[in-house]
Amino acid sequence: MIQKVKATMIKLRYSKRLFKRSSWSKASAGGGHGGVGGGGEIEWEVRPGGMLVQKRDGGRAEEVIMVRVSTGFSWHDVSIGATRTFGELKVMLSMVTGLEPREQRLLFKGKEREDTDHLHMVGVRDKDKVLLLEDPALKDMKLRAARAVAAQVTQSPRQPFIQV
């Protein structure tokens, strides 16, 4: 026995007040909700992915963490914002170590991290250790260039300067 089901589209009406709360108070919420209160409206924003979320407080300070960076033979304690990227950490380390950011490889939990990876997203917390390695390919190129310069400097003085 086959039954026919009639499907209808229903247009839902919504009010502009759906995303605004004007009388929210800590007492009515049973203790409050993490800083929301005081009778103000909750502001909403649409993220780039299309998700509607509560707008962040612009006045909150960024959490600063201490990261211990080991270079194998020495270590450096670096204070950096928890939401910063590994690329920004490389820039800070270039001031301390003298290595350009492109010459650095940062490893955390045994994996090399990309410059665009955020510290908090991969799990870096206060007083965690990060390993800094010099890029082997660039290190080899520097060594070859230094050898070539050294070879030119140590040429015998008996050779003519100008060859005909």
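# Briefing: a mixed sheet with a helix across it

Of the 164 residues in this chain, 19% are buried. Keep in mind that what you're looking at is a predicted model. The chain has three helices and seven strands, and going along the sequence they come in the pattern β-β-β-β-α-β-β-α-β-α. Five of the strands form an open sheet, and helix α1 lies across part of it. Four salt bridges turn up in the structure, and three of them are covered below, together with a nonpolar patch and a couple of lysines with positive phi.

**The overall numbers**

- About 13,800 Å² of the chain is exposed, and 55% of that comes from carbon and sulfur atoms.
- Take the contacts with a separation of 6 or more: 42% of them are between residues 24 or more positions apart.

**The sheet and the helix on it**

- Reading across the open sheet, the strand order is β4-β3-β7-β5-β6, and the pairing is mixed.
- The edges belong to β4 (75-81) and β6 (111-112); each has a single partner strand, so one side of each has no neighbour in the sheet.
- At the β4 end, the partner is β3 (residues 64-70): the two run antiparallel and are joined by seven bridges.
- If you want a landmark in that pairing, look for V67, which sits opposite V78 in β4.
- Helix α1 covers residues 86-97 and lies across β3, β4, β5 (104-108) and β7 (128-134).
- Relative to β5, helix α1 runs at about 120°.

**Salt bridges**

- D115 and K90 pair up through their side chains at 2.8 Å, N to O. This one ties together distant parts of the chain: K90 is in helix α1, D115 is in the loop between β6 and α2 (119-122), and the two are 25 residues apart.
- The two ends of that bridge have contrasting surroundings: K90 counts as buried because its relative accessibility is 4%, under the 20% limit, while D115, at 39%, counts as partly exposed.
- E88 and R84 make another salt bridge, at 3.7 Å, N to O. Here E88 is partly exposed with a relative accessible area of 34%, and R84 is partly exposed as well, at 36%.
- R105 meets E112 in a salt bridge of 3.4 Å, N to O. R105 has 23% relative accessibility and counts as partly exposed; E112 also falls in the partly exposed class, at 46%.

**A buried glutamate**

- E103 is in the loop between α1 and β5.
- How accessible is E103, buried or exposed? With 9% relative accessibility, E103 counts as buried.
- Which residues does E103 touch once its neighbours within four places in sequence are set aside? Its contacts are L133, E134, D135, L138 and K142.

**Nonpolar patch on the surface**

- W44, V46 and L52 together make a nonpolar surface patch of about 270 Å².
- W44 belongs to strand β1, which spans residues 44-46.
- The accessibility class of W44 is partly exposed, with a value of 35%.

**Lysines with positive phi**

- K109 isn't a glycine, yet its phi is positive, at about 55°. You'll find K109 in the loop between β5 and β6, where K109 is exposed with a relative accessible area of 63%.
- K127 is another non-glycine with a positive phi, this time about 70°. The loop between α2 and β7 holds K127, and K127 is exposed too, because its relative accessible area of 65% is over the 50% limit.

Definitions and conventions
Residues numbered from 1 in each chain as written. Predicted model: local features only at pLDDT ≥ 70, side-chain atom pairs only at ≥ 80, totals over all residues. Heavy atoms only, no water. Patch = residues over 30% accessible without salt bridge, like charges linked within 9 Å, V, L, I, M, F, W, Y side chains within 5 Å. Areas by Shrake-Rupley, 256 points an atom, 1.4 Å probe, with all protein chains shown as cover. Helix = DSSP H or I, 4+ residues; strand = E, 2+ residues; numbered from the N terminus. Buried < 20%, exposed > 50% of the residue type's maximum accessible area, 1.4 Å probe, protein only. Pairing = 2+ DSSP bridges. Contact = heavy atoms within 4.5 Å. Axes fitted to C-alpha atoms, helices over the stretch in contact; angles between N-to-C directions.
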